Amino acid sequence: MPFIALLLSRMKKHPMDAQLIFDHFPELPDLQKRQFSQLADLYQDWNQKINVVSRKDIEELYLRHVLHSLGIAKVQQFHPDATVLDVGTGGGFPGIPLAILSPETQFVLVDSIGKKIKVVEEVVQGLQLTNVRLVNQRVEDLEGQFDFIVSRAVAAMPTFMRWVKGKIKKESIHERRNGVLYLKGGDLSEELTGYRTVQIFNLTDYFSDAFFDTKKVVYLPMKFKGTD
């Protein structure tokens with residue numbers, strides 16, 4: 001393939017703007033389209049000051065971070081009354097893309113590293129998101145309970161589940177039982193040994209790009225006394 005054709009093919013496959021998101025979520029209202037479109041400039045600006053996204057990944061922000069985060073939304077759509085906790089949010093993923101997509105759902109984004117929360121705070125303000133609360137704290141010390149807990153591979157599942165113990169509401173308002181929705185990759189068989197109720201969703205079922213070949217959403221429902 002000639003170089004120019006190859007370059008154009010790659011640009012089409014990995015667009016540098018939010019069109020990639022619109023292609024997968026075609027019914028977005030104008031406000032959410034504008035907010036998704038703002039992400040590139042906001043992150044490129046703040047990433048020069050405080051590095052929260054690798055330089056390689058910032059060029060493919062919409063593929064590697066935004067669309068990846070929205071893989072959770074392909075598995076679970078959140079009700080307007082729901083509360084969602086993003087643990088170890090880093091630069092705001094998956095919390096910020098999910099908060100844009102579900103503006104009536106309340107999101108709490110927690111990270112123990114202050115400079116990362118600073119960047120996320122500026123992005124939230126730039127987008128004028130009113131459904132996001134930021135917490136600079138260890139999740140173990142965070143008070144409150146949530147319908148779902150989301151995250152992107154901040155720890156092995158047994159460690160993660162210790163961190164979030166007692167932080168998931170017992171009563172579910174969704175058809176799917178409250179629990180953890182975790183973005184992970186690779187072979188998870190050993191890590192998930194012993195989790196009888198776990199469900200794994202391959203992101204290749206929703207997204208065709210090769211980046212998602214090994215990417216998954218791991219759903220682990222909470223089991224409470226008196227439930228199945």
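User: Is asparagine 131 buried or exposed?
Analyst: Asparagine 131 is buried, because its relative accessibility is 3% and buried means under 20% relative accessible area, with exposed over 50% and partly exposed in between (1.4 Å probe, protein chains only). One caution: this is a predicted model, where local features need pLDDT of at least 70, side-chain atom pairs count only at pLDDT 80 or more, and totals for chains, interfaces and linings use all residues. Residues are numbered from 1 along each chain as its sequence is written, and side-chain values use heavy atoms, with hydrogens and water left out.

User: OK, where does asparagine 131 sit?
Analyst: In the loop between helix H7 (114-127) and strand S3 (132-136). Helices (H or I, at least four residues) and strands (E, at least two) are DSSP runs, numbered from the N terminus.

User: Which residues is asparagine 131 in contact with?
Analyst: Beyond its neighbours within four places in sequence, the list is Ala99, Ser102, Pro103, Glu104, Thr105, Gln106 and Phe107. Contact means heavy atoms within 4.5 Å. A polar atom of the asparagine 131 side chain also lies 2.9 Å from the backbone oxygen of threonine 105.

User: Proline 103 is on that list. What else does proline 103 touch?
Analyst: Gln32, along with Asn131, if you skip residues up to four places away in sequence. Proline 103 is in the loop between helix H6 (95-101) and S2, and is partly exposed at 44% relative accessible area.

User: Switching to pockets. What volume does the largest pocket have?
Analyst: About 400 Å³. A pocket here is an open set of points on a 1 Å grid over the protein atoms alone, where a 1.4 Å probe fits, with protein on both sides within 12 Å along at least five of seven lines; lining residues have an atom within 4 Å of a point. The volume is the space filled by probe spheres set on the points, which are joined across faces, edges and corners.

User: Which residues lie nearest its centre?
Analyst: Val87, Gly88, Thr89, Asp111 and Val154, out of 24 lining the largest pocket. Helix H5 (61-75) and strand S2 (106-111) each supply at least two lining residues.

User: And the second largest pocket, how many residues line that?
Analyst: 16, with Ala73, Gln77, Phe78, Leu101 and Ser102 nearest the centre. The second largest pocket has a volume of about 330 Å³.

User: What's the mean pLDDT?
Analyst: 89 for the protein, with 91% of residues at 70 or more. pLDDT is the predictor's confidence in each residue, from 0 to 100. It stays under 50 over residues 1-15, and also over residues 224-228.

Terms used. Polar contact = N/O pair within 3.5 Å; in protein donor to acceptor, adjacent residues only side chain to side chain.
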